[in-house]
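Good morning, and thank you for the time on the agenda. I would like to take the group through one model, beginning with its ligand and then turning to the backbone and the helices.

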Amino acid sequence: MKMELESILLPGVDNQRPIVISGPCSAETEEQVMETARGLAAKGVKIFRAGIWKPRTKPGGFEGIGAEGLQWLKRVKEETGMYVTTEVATKDHVFEALKAGIDILWIGARTTVNPFAVQEIADALKGVDIPVLIKNPVNPDLELWIGAFERLYNAGIRRLGAIHRGFSSYDKKIYRNLPLWHIPIELRRRMPELPMFCDPSHIGGKRELIAPLCQQAMDLKFEGLIIESHCNPDCAWSDASQQVTSDVLDYVLNLLVIREENQTTENLSELRRQIDAIDEQLLELLAKRMRISREIGTYKKEHNMPILQSPRYSEILEKRSNMGESMELDAEFVKNILKEIHEESVRQQMVIMNEQA
Ligand code: PEP
Ligand code: MN
């Protein structure tokens, strides 16, 4: 679906990368909100975030301060001049947030997964002109993410933006939520006009990962960053390990290297021409390999042989990944490619087997 989007930039927020949104995971007390906001405003942050309604994994934890916190955000606006944004998950949240003059809304990852909830929010926003940022669904489903943009767009929302907050996985290793960068990269290809924010706090789940994730996002040309911050991070009522003080935030932002496209791209163009030519060769070779695979399929059919010959497959994987390593290719990478190629060969041979004689 073709979308004609409008800028999410509000007056006074300049277009320089990164556009920064920061503030606590949750609004806890009026003092905590005001102190955090003052610290951020002093560092030049223009957009303040705070969760008022918190989607928590289990009941019994702090589930957000609720509508009362909206009044604190109003105070942040009045006293610091920052814009304010919060998460909405139901139509009631939307009505309350609009009534309180919230400037930007965001839809959380646990809401984006649910088309009923997204539709309810979209319906509640009909006829309202407000920027809405949509976090990726917790599961790595790009179509579901795009579907959420379409629902909001169909309700008349033109100021849309994406937040990449990573994808949950069963076995958490380095990251709280896997970045799977190829998904936001593909989103950019599909919706080039859509401004993209990275949320390194929820991807990393820990402070140390914020700086490298921010840099990666900048190198991938994200427009903005949404980073959790707190006047006293260790004592935060939610997500304590991933929040930073305004000083640390400022330090991290100052370290970022923002690489913009420059004029001297002639060398790059030449290298890209080489890549294009190599890709063409790769595709030609793949096509040739598949043709031979199909011939093998015909042979197997005529001689009543099964398609899968496991020893041969293991041998291919083993030999090729060693060969790849000797060419300075990552063994795992080579194995993955061969697995994909093998899968496609098997699929093609199955078509041949099933063809009527
Ligand atoms: C949040 O931003 O505090 C939040 C709940 O994030 P997510 O929806 O990405 O889990
Ligand atoms: Mn959080």
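A polar contact, as I shall use the term, is a pair of N or O atoms within 3.5 Å. Please keep in mind throughout that this is a predicted model.

With that cut-off in place, consider ligand 1. Which side chain has an N or O atom 2.6 Å from an oxygen atom of ligand 1? That side chain belongs to R165, and because 2.6 Å is within 3.5 Å, the pair counts as a polar contact. The side chain of K54 also places an N or O atom 2.8 Å from an oxygen of ligand 1. For R110, the corresponding distance from a ligand oxygen to a side-chain N or O atom is 2.8 Å. How much of ligand 1 does the protein bury? Taken alone, ligand 1 exposes 290 Å², and 97% of that is buried by the protein.

The residues that surround ligand 1 are C25, R49, K54, E87, W106, G108, A109, R110, K135, R165, H202 and E228. Sorted by class, this shell comprises seven charged, three nonpolar and two polar residues.

I turn now to the backbone. Most residues other than glycine have a negative phi, and most peptide bonds are trans. Two places in this model deserve a look against that background. The peptide bond joining R17 and P18 is cis, with omega at about -10 degrees. P18 itself sits in the segment before β1, which spans 19-23. The second place is L180, whose phi is positive, at about 40 degrees, although L180 is not a glycine. L180 lies in the loop that runs between β6 (160-164) and α7 (182-190).

Finally, the helix packing. Two packed helices are described by the angle between their axes and the distance between the axes. Helix α5, residues 115-124, packs with helix α6, residues 142-154, at an angle of about 25 degrees, and their axes are 9 Å apart. The angle makes α5 roughly parallel to α6. The crossing of these two helices, α5 and α6, is right-handed.

Helix α13, residues 331-354, takes part in two packings that I wish to show. In one of them, the axis of α12 (residues 310-326) comes within 8 Å of the α13 axis, and the two cross at roughly 140 degrees. Helix α12 is therefore oblique to α13, and their crossing is right-handed. In the other, α11 (residues 266-302) and α13 have axes that come within 9 Å and cross at roughly 45 degrees. That makes α11 oblique to α13 as well, and α11 and α13 again form a right-handed crossing.

Methods
Residues numbered from 1 in each chain as written. Chains lettered and ligands numbered in written order. Predicted model: local features only at pLDDT ≥ 70, side-chain atom pairs only at ≥ 80, totals over all residues. Heavy atoms only, no water. Near = heavy atom within 4 Å. Polar contact = N/O pair within 3.5 Å; in protein donor to acceptor, adjacent residues only side chain to side chain. Areas by Shrake-Rupley, 256 points an atom, 1.4 Å probe, with all protein chains shown as cover. Nonpolar A, V, L, I, M, F, W, Y, C, P; charged D, E, K, R; others polar. Axes fitted to C-alpha atoms, helices over the stretch in contact; angles between N-to-C directions. Helix = DSSP H or I, 4+ residues; strand = E, 2+ residues; numbered from the N terminus. Parallel < 35°, antiparallel > 145°, perpendicular 65-115°, else oblique. Left-handed = near helix turned anticlockwise from the far one by under 90°.
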